Amino acid sequence: MKTTGTFSKNNIIITCSKKDLEFAQKITEQIIEMHQKLKREFPITKPILTNITLAISESVDDYIVSAEKKKEDYQDWMVGHSILKKKRLCLLSPNIVKDYGIEEMIQIALHEFVHLFFDYYFGEHNTLWIVEGVAIWYADQTNRDDIDIQSAPTIKKLEENFYDGGYIYSGIYVNYLIHLIGSETFTKIYANELNWQEYITENFEKDAIIFYLNQQ
Ligand SMILES: [Zn+2]
């Protein structure tokens, strides 16, 4: 029996099953808060982003359709996705995700919202560590216990092979970049109007980690 329904709350359209409704409402509240926070921090000129859809899928097959992925490209760790042209956030239901708890799934939803925020207001950026880093940072997905200054990847390495441990460090590097250059310049980098390479200082990676660890 299909129990999925559509609900609307604060301009967010939710598609989910009854048992995920509470989870979906929690996410919705946090997305609204995140939107306010990011709007305060980053200068925006476009009309406010509204009519976002939050689609929570009860099966991997449904998720693949919702996230517009190809079956052969799907991997277990893919539990959240955002699609700018549809203003859609796609999540796999926490009922069927094994590797993450509810709080982590909420962070993943926020991560996807941050992608949507930056892609919508500033345009789609093409450097992966910057795109993922800003989402990791604002969704609060870094953990100081996972950081090792000695084995931290350089930005050059993140450009060559991001998926080999790049996520967390990208968040720390983006946080430091924004600290150095300010949020307005960062948005110009995101919008591909400025070149990020010009803002990377000597020993950037180590300085970024020290800055992060001192912030915690
Ligand atoms: Zn991401």
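**Group meeting: a walk through a two-domain predicted model**

Asn-203 has 9 C-beta neighbours inside 10 Å and therefore counts as exposed. I begin with this residue, and I should say at once that the model under discussion is a predicted one. Asn-203 sits in the loop between H7 and H8. Its phi is positive, about 60 degrees, although the residue is not a glycine.

Asp-140 offers a second case. Its phi is near 60 degrees, again a positive value in a residue other than glycine. Asp-140 is placed in the loop between H4 and H5. Is Asp-140 buried or exposed? It has 11 C-beta neighbours inside 10 Å, and so it counts as exposed. I would add Asn-192, which follows H7 and has a positive phi near 65 degrees.

Let me now turn to the chain as a whole. The protein chain is divided into domain 1, residues 1-123, and domain 2, residues 125-216. The C-alpha centres of the two domains lie 24 Å apart. To the contact, domain 1 gives 13 residues and domain 2 gives 13 residues. Which elements give two or more residues to the side of domain 1 that touches domain 2? They are H1 and helix H3, residues 102-122. The largest share of that side comes from H3, with seven residues.

I shall take the strands next, beginning with E2, residues 12-16. The side chains of E2 alternate along the strand. Ile-12, Ile-14 and Cys-16 point to one face and are buried, whereas Ile-13 and Thr-15 point to the other and are not.

E2 runs parallel to E3, and four bridges join the two strands. Ile-12 stands opposite Ile-52 in E3, and the bridge partner of Ile-13 in E3 is Thr-53. Between these strands the chain crosses from E2 through H1 to E3, and this β-α-β crossover is left-handed.

How many of the six residues of E3, residues 52-57, are buried? Five of them are, so E3 is largely enclosed by the rest of the structure. E3 also pairs with strand E5, residues 88-92, in the parallel sense and over five bridges. Within that pairing, Cys-90 in E5 is the bridge partner of Ala-55.

We come to the helices, and first to H1, the helix of the crossover. H1 covers residues 21-41, and at 1.5 Å a residue its 21 residues should span 30 Å. The C-alpha atoms at its ends are 30 Å apart, which agrees. The buried residues of H1 are Phe-23, Ala-24, Ile-27, Thr-28, Ile-31 and His-35. Why do they lie on the same side of H1? They cover an arc of only 135 degrees around the axis, which puts them there. As background, an α-helix has 3.6 residues a turn, so residues three or four places apart point the same way. The face of H1 turned away from the buried side carries exposed residues, namely Glu-22, Glu-33, Gln-36, Lys-37 and Arg-40.

Next is helix H7, residues 183-190, where Phe-186, Thr-187, Ile-189 and Tyr-190 are buried. Seen down the axis of H7, these buried residues fall within an arc of 155 degrees, so they line one face of the helix. What covers the buried residues of H7? The cover includes H3, helix H4 (128-138) and H6. H3, I would recall, is the helix that gives seven residues to the side of domain 1 that touches domain 2.

The last helix on my list is H8, residues 204-215. It has twelve residues and reaches 16 Å from its first C-alpha to its last, close to the 16 Å expected at 1.5 Å a residue. Glu-205, Ala-208, Ile-209 and Tyr-212 are the buried residues of H8. Their arc around the axis is only 95 degrees, which puts them on the same side of H8. They pack against helix H5 (155-160) and helix H6 (166-181).

That brings us back to Asn-203, in the loop between H7 and H8. Thank you for your attention.

How values were computed
Residues numbered from 1 in each chain as written. Predicted model: local features only at pLDDT ≥ 70, side-chain atom pairs only at ≥ 80, totals over all residues. Expected span 1.5 Å × (residues − 1). Buried ≥ 20, exposed ≤ 12 C-beta atoms within 10 Å, placed from the backbone. Arc of directions from axis to C-beta. Pairing = 2+ DSSP bridges. Right-handed = clockwise from strand over helix to strand, strands pointing away. Domains from an automatic or database assignment. Contact = placed C-beta atoms within 7 Å.
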